[in-house]
Amino acid sequence: MDISMSNIRQVAFFFVTMSSAQAFSAQWDASASVITMIEYSDNVEQTERGEEDLILSLTPGFGLTGKGKRADLNLRYDVRGQHYVGNTKDHEFFHNFLGRFDYRAIPNRLNFNAEVVVEQELEDLSRGLIPDYVTGSDNLITVGRYRLGMDYLQPLANYGQLSFLAGVFLTDESGGNQDTKGYDFQIAGQDGSEFKQGLWNFSYSQGYQKPNDAEYSFTQLADATLGYGLNQHLALMMNFFWEENDIQESVRQENLDSASWGPGLRFSPSDRTSFEINYNFSLKETNEDYWGGKLSWVPTSRTSLKASYGKRFFGDAYDVQFNHRIKRLSNTLTYQESIESYSTEVYNASTNNTGSLICPAGPVLDLTQCEFSNEVNPDVAPDKQVITFYTPPPAVGDELYLSKAANWSSTLRTGKSTYTLNLFYTQRLYFTEVKDEDDYGLNFNWGIKIGRKTGLQLGAQWRELEESLNDSGFVSDETEQRYNINLNHKLSARSFMVLGYLYTERDGSTSDYDENRLQLSYQVVY
């Protein structure tokens, strides 16, 4: 399937900017902000010898939201301009844009959406693991992401429901040729009668991505379950699974397909908990016969645990999703295995908007000004943003890989303090290059009010990337860590100043350096 990149861009921009008649009759809310900052760095070029400089920056921003009966529009644009007083680098400008339009054509039945995101991402992880506008600006590249999607839900009287989701996407690298385009869709059905005799569910999904002229991936997955309820707690099951993966230019195993079927037994002690064990007969040579299982536990609307084990073309396959939200605490734990590229990994992370903090737009320099939310996808004003913690993506590129990713994020608010912690680990097994990556690290922040208008924030970031080349045995290890402390003072209801210190240390196969930085900023929101 050939997808026109210009058409995706044009249609996405049209829906986001023009919206619809319903959006123009919506309730509008607008906001503007300005951030001025003075920064001193004793190693602005990230070298062992170090070179100091003074950096002046100005970041104006504008936000707009519209909420109508059937349509919602959310726009945010920020531009950062910076000047190096010592002329160690040229003047620089960075543009960030977020636009999303949602249209409920048939409420609770048919929805359309469009999204445009323009932001800076890391170009080469061997030169930096944590994005930095000042000392790492030459390792940032502007990336545009465009997506059009729709979802449809069809009830089947009292017997179940059908759902259909589809989308096309484009990731466009400014100044490069690493543009990824693709599409995905899924159709699924589920019986609504549960253990009243017969039960069934099925799903079929298809995904295509083409990161360059020579490479592409085409993935198809299907699974189905038929069951008969012996009583309200016990049911006999029959499971079916099938997948085919076509990856052009793959240097890994040739057979990327798997299929199986087998009987199972499901036990449900309550309508919120179920256990399933099954035995599966493999129909492909990629796996032998195996035992599998599933667990579903949803005790409340704010707590859920779903886990499964089976086998796919790469062997053992696990999936875990845990969410727990109460008044002042949020925890999310996930583990997933899938075929990804830079484009799809970034998109999947951005759609899982499980953040618990709603903060002022711009750099998060004061956690005490953030609001705690226990909603999964909270709506925010144009001068706000949802802070989402997820695994950092790889460098901007066009490679395809098998991703095995674990992520745990936690947010806690107690009295005057706010804590955030994110731990991540991702293993990337590349199909189109003979290399593997182990990417792991943490992000921790603690904000505390030390006065009526004054707050203190401490932060730590650490990321390590181990890369191995399978044909030569070469292994590289890059580590980067960053520590910061900020003193924040609120001048008025919409303005505050921040005095901060930042220390960065890098230890790797390609470069070793450390940097000390002082920062003074003023932010006002209109």
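User: Why is Arg147 called buried?

Analyst: In this predicted model, Arg147 has a relative accessible area of 9%. Buried means under 20%. The value falls under that cut-off, so Arg147 counts as buried.

User: What makes Arg147 and Asp184 a salt bridge?

Analyst: Their side chains meet at 3.0 Å, N to O. The rule asks for a side-chain nitrogen of Lys or Arg within 4 Å of a carboxyl oxygen of Asp or Glu. The pair meets that rule, so it is called a salt bridge.

User: Which parts does the pair tie together?

Analyst: Arg147 belongs to strand 6, and Asp184 to strand 8 (residues 180-191). The pair therefore ties together parts that are 37 residues apart in sequence.

User: Is Asp184 buried or partly exposed, and why?

Analyst: Asp184 is partly exposed, at 26% relative accessible area. Buried would need under 20%, and exposed over 50%. The value lies in between, so neither of those labels applies.

User: Where else does Arg147 appear?

Analyst: Arg147 is among the residues nearest the centre of the largest cavity, with Arg145, Tyr146, Phe169 and Tyr347. The lining has 11 residues. Strand 5 (110-122), strand 6 (140-156), strand 7 (160-173) and helix 3 (342-351) each supply at least two of them.

User: What makes this space a cavity, and how much space lies in it?

Analyst: A 1.4 Å probe fits there but cannot get out, so the term is cavity. About 80 Å³ of space lies in this one. The count of cavities of 30 Å³ or more comes to 5.

User: How do you know that Arg76 and Asp78 form a salt bridge?

Analyst: Their closest N and O atoms are 3.0 Å apart. The limit is 4 Å, so the pair qualifies. Arg76 counts as buried at 11% relative accessibility. Asp78 is buried too, at 17%. Each value is under 20%, which gives the label.

User: Why are Arg100 and Asp102 called partly exposed?

Analyst: Arg100 has a relative accessible area of 29%, and Asp102 has 21%. Partly exposed runs between 20% and 50%, so both carry that label. The two form a salt bridge, with closest N and O atoms 3.0 Å apart.

User: Which residues are linked in a network of salt bridges?

Analyst: The network links Glu345, Arg428, Lys435, Glu437, Asp439, Arg463 and Glu467. Lys435, Glu437 and Glu467 are also among the residues closest to the centre of the second largest pocket. That pocket has a volume of about 280 Å³. Its lining divides into 8 nonpolar, 6 polar and 7 charged residues.

Definitions and conventions
Residues numbered from 1 in each chain as written. Predicted model: local features only at pLDDT ≥ 70, side-chain atom pairs only at ≥ 80, totals over all residues. Heavy atoms only, no water. 1 Å grid on protein atoms, 1.4 Å probe; cavity = no way out; pocket = protein on both sides within 12 Å on 5 of 7 lines; lining within 4 Å. Points joined across faces, edges and corners; volume = space filled by probe spheres on them. Nonpolar A, V, L, I, M, F, W, Y, C, P; charged D, E, K, R; others polar. Helix = DSSP H or I, 4+ residues; strand = E, 2+ residues; numbered from the N terminus. Buried < 20%, exposed > 50% of the residue type's maximum accessible area, 1.4 Å probe, protein only.
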